[in-house]
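Here are my notes on this model, for you to read beside the coordinates. They take the ligand site, then one hairpin.

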Amino acid sequence: MSIKSTGLREDLLKYLLENFSGEDEFLLNLKNESEKAGIPQISISPEQVLFMQFIIKSINAKFALEIGTLAGYSGISIARALPSDGKLITIETNSERAAFAKQKFPEAGLDGKIQVINSDGLAYLEEFSPNISLDFVFLDADKQNYSRYFEKLDKFLRVGGIFAADNAFGFGYIAGNPPEDDIKDVEGIRSFTQLIKNNKNYITVIVPVGDGLLLALKIS
Ligand SMILES: C[S@@+](CC[C@H](N)C(=O)[O-])C[C@H]1O[C@@H](n2cnc3c(N)ncnc32)[C@H](O)[C@@H]1O
């Protein structure tokens, strides 16, 4: 029985990172190289990698879509958890980042399994009409549009599939007052969270990993 939560103290985070990290040498090098290339270090956290792979494998996901590629850290993590005939489409608006990731995916041995689309996410989805259902969606880009991504992608996600979104804790401000610069993003995350939480076709949770990972399982 648990009557109170144990906050994630530094020693517990260290324990998690030492024992439950999904970051291998390739992903570590990717971070170092992308930093040298001037790409911001805002990828998902190492313990989030293993957790997301756990989720992806537990639902036997085969076809995944990600909004927000950055340097490809999460894309590689997702694609590694898909079967050999699985596929990830990842969308990135910044052309230098998209090009960097495009070059890294074959080096990671994932050529053919990942398609990088250099586009604004919502613009790409205007024409998106896959002939197979999505199993896993990961939102990690423009927070103000999380709800719009959900509205566009819901119909393509199979029952039993998962909608995941990073920064569910809104950079730590979800329950408080964000600084001016973060207000619109935090508001976007808040309204998306309410939208999906109140949708009876989903069971939604927030897992306190990284900056909060929202997971919504489609049940009907
Ligand atoms: C937090 S980073 C993604 C991190 C990545 N998922 C990872 O963990 O390795 C967000 C990325 O989304 C991209 N982005 C922002 N707005 C976007 C949009 N409207 N469409 C597509 N990508 C966008 C940014 O350029 C940035 O590279």
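**Notes on the ligand site and a hairpin**

1. Start with Glu92. One of its polar side-chain atoms lies 2.6 Å from an oxygen atom of the ligand. Keep in mind that this is a predicted model, and the distance is computed from it.

2. Two other polar contacts are worth checking on screen. Ile44 uses its backbone: an N or O atom there lies 2.8 Å from a ligand oxygen. Asp142 uses its side chain, where an N or O atom is 3.1 Å from a nitrogen atom of the ligand.

3. How much of the ligand does the protein cover? On its own, the ligand has 610 Å² of accessible area, and the protein covers 89% of that. The ligand's place is the largest pocket.

4. The shell around the ligand holds 21 residues. Ile44, Gly68, Ser74, Glu92 and Asp120 are the closest. Sorted by class, the shell has eight polar, seven nonpolar and six charged residues.

5. Which elements should you display with the ligand? Include helix 4 (73-80) and strand 2 (87-92), as each gives the shell at least two residues.

6. Now the hairpin. Strand 6 (residues 202-207) and strand 7 (residues 213-218) run antiparallel, joined by six bridges. To find your way along the pair, use Ile206 in the hairpin's strands: Leu214 of strand 7 stands opposite Ile206.

7. Five residues lie between strand 6 and strand 7 in this hairpin. Look at Gly210 there, which takes a positive phi near 60 degrees.

Key:
Residues numbered from 1 in each chain as written. Predicted model: local features only at pLDDT ≥ 70, side-chain atom pairs only at ≥ 80, totals over all residues. Heavy atoms only, no water. Pairing = 2+ DSSP bridges. Helix = DSSP H or I, 4+ residues; strand = E, 2+ residues; numbered from the N terminus. Near = heavy atom within 4 Å. Polar contact = N/O pair within 3.5 Å; in protein donor to acceptor, adjacent residues only side chain to side chain. Areas by Shrake-Rupley, 256 points an atom, 1.4 Å probe, with all protein chains shown as cover. 1 Å grid on protein atoms, 1.4 Å probe; cavity = no way out; pocket = protein on both sides within 12 Å on 5 of 7 lines; lining within 4 Å. Sits in = over half its atoms within 2 Å of the grid points. Nonpolar A, V, L, I, M, F, W, Y, C, P; charged D, E, K, R; others polar.
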